[in-house]
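User: I should like a close look at a single part of this protein, with the rest brought in only where it helps to place that part. Please take the larger of the sheets together with what packs around it.

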Amino acid sequence: MPKLSFDIAEVDLVQLLGPEDSLLRSLEAQFPGMQIQNRGYGFMIEAENSDSEKAKAAILALADLVRQGVTPDSRSVIEAVNLLEQKESPTKILGLGAIHTPGKTIRAKTLGQKQYLEAIDEHTITFGIGPAGTGKTYLAVAKAVAALYSKQVSRIILTRPAVEAGEKLGFLPGTLSEKIDPYLRPLFDSLQEMLEPEVTAKLMESGVIEVAPLAYMRGRTLNDAFIILDEAQNTTAEQMKMFLTRLGFNSKMVITGDASQIDLPGGKSGLIAATGILSGVQGLNVFRLTSQDVVRHELVTRIVEAYELDESK
């Protein structure tokens, strides 16, 4: 097979190559029969001509990401190759537009995630619909924290319907607070990755951050707030209408859900109804993430795709 040799500009090779050159091995895996050798800043790729050029473009893009302060992983390698196939810039999608929170800097890891974040910026109400692991809630929480710290809003409100896998609150032990805590725990977990636990607790005590069941939203007008409704597939049509009409001045809403995980009796989801009724409403966007945007373990992506294939039958 033909060989392609080239040099790259100086960059942190430890981050670019990964432990024991693991990122080069990930790149080789994207192209059958490819072999990549590295010596310092010099590379030699042995593969079909078109594949060699694609791999070279991916290495150059990953080097640019490292220079921007991004530490690539195996997912970055796969996504860089995919983006180049789509004539998109990995540097712009995976590098620019970071969300800065006190706890960490967060970036989109797929083209879909980048477009989802742009949709949140551009619309007052955004529906983020997609399978588990696509980051739809995590990225929304990151946007909320960034908006709070940049003083775009004065508070964050996170809410979920208290419906999970057929269980009912009345049959769970403990006080009301203890009963609802498991339903809201995923939102706490996201917050505490972006804020110190002590800071999160202090902001919650002062009311700057509110995490509450959906029923607590009734009768309120939510001004100057970034509001996230998670697990929205488990709302009824009446609950969804109630929630959407809580929107106040200088507020932004993100509604996230997975239409394949409806736990409501009868399966009639307010999320599905709302996306149909509100289609075309100005200021509102319905954005759909797919299995290609799953950023958990690679096996999760394969599981999601298998279920999607079964459901399509």
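Analyst: The account below begins with the whole protein, turns to the six-stranded sheet and its surroundings, and closes with the other sheet.

The model is a predicted one. Its secondary structure amounts to 12 helices and 11 strands. Of the 313 residues in the protein, 47% are buried. The C-alpha atoms fill a box of roughly 70 × 45 × 40 Å along the principal axes. Among contacts between residues at least 6 apart in sequence, 71% join residues at least 24 apart.

The sheet in question is open and has six strands, in the order β8-β7-β9-β10-β6-β11, with parallel pairing. Strands β8 (209-213) and β11 (284-288) each have a single partner strand and stand at the edges, so one side of each is left without a neighbour in the sheet. From one strand to the next, the twist averages 15°. In general, strands of a sheet pair through backbone hydrogen bonds, in either a parallel or an antiparallel manner. One pair can be followed in detail: β6 and β11 are joined in the parallel sense over five bridges. Within this pair, I125 has L284 of β11 as its bridge partner.

Helix α10 lies across four strands of this sheet, namely β6, β7, β9 and β10, and runs at about 155° to β10. The helix spans residues 237-244, and its buried residues are M240, M242, F243 and L244. Their cover includes the strands β6 (125-129), β7 (155-160), β9 (225-229) and β10 (252-257), and also the helix α11 (270-277).

The loop that leads from β9 to α10 deserves attention as well, since A232 is located there. Is A232 buried or exposed? A232 has a relative accessible area of 0%; the limit for a buried residue is under 20%, and A232 is therefore buried. Leaving aside residues up to four places away in sequence, A232 touches M240, I255, T256, G257, S269 and L271. One of these contacts, M240, is a buried residue of α10. As for G257, its C-alpha atom is separated from that of A232 by 4.8 Å, although the two residues are 25 apart along the chain.

Strand β10 also takes part in an open space. The largest pocket holds about 920 Å³ of space. It is lined by 41 residues, and those closest to its centre are G133, T134, G135, Y138 and V295. Two or more lining residues come from each of β5 (105-106), α7 (136-149), α8 (176-194) and β10. Helix α8 has the largest share of this lining, with five residues. By class, the lining residues of the largest pocket comprise 12 nonpolar, 15 polar and 14 charged.

The second largest pocket has a volume of about 320 Å³. Among its 16 lining residues, P131, D258, S260, V304 and E308 are the closest to the centre. Helix α12 (residues 298-312) gives the most to this lining, with five residues. The lining of the second largest pocket divides into eight nonpolar, four polar and four charged residues.

The other sheet may be set beside the one just described. It is an open sheet of three strands, ordered β1-β3-β2, and its pairing is antiparallel. Its edge strands, β1 (3-7) and β2 (35-39), each pair on one side only. Here, too, the twist averages 15° from one strand to the next. Five bridges join β1 to β3 (residues 42-46), and these two strands run antiparallel. K3 has E46 of β3 as its bridge partner.

Two helices pack on this sheet. Helix α2 lies across β2 and β3, at about 155° to β2. Helix α3 touches β1, β2 and β3, and its direction makes about 20° with that of β1. Both α2 (22-29) and α3 (49-67), together with α1 (13-17), supply at least two residues each to the lining of the largest cavity. About 50 Å³ of space lies in this cavity. Its lining consists of L16, L17, L23, L24, L27, F43, I59, L62 and V77. By class, these are nine nonpolar residues, with no polar and no charged ones. Helix α2 gives the most to this lining, with three residues.

How values were computed:
Residues numbered from 1 in each chain as written. Predicted model: local features only at pLDDT ≥ 70, side-chain atom pairs only at ≥ 80, totals over all residues. Heavy atoms only, no water. 1 Å grid on protein atoms, 1.4 Å probe; cavity = no way out; pocket = protein on both sides within 12 Å on 5 of 7 lines; lining within 4 Å. Points joined across faces, edges and corners; volume = space filled by probe spheres on them. Nonpolar A, V, L, I, M, F, W, Y, C, P; charged D, E, K, R; others polar. Buried < 20%, exposed > 50% of the residue type's maximum accessible area, 1.4 Å probe, protein only. Contact = heavy atoms within 4.5 Å. Pairing = 2+ DSSP bridges. Axes fitted to C-alpha atoms, helices over the stretch in contact; angles between N-to-C directions.
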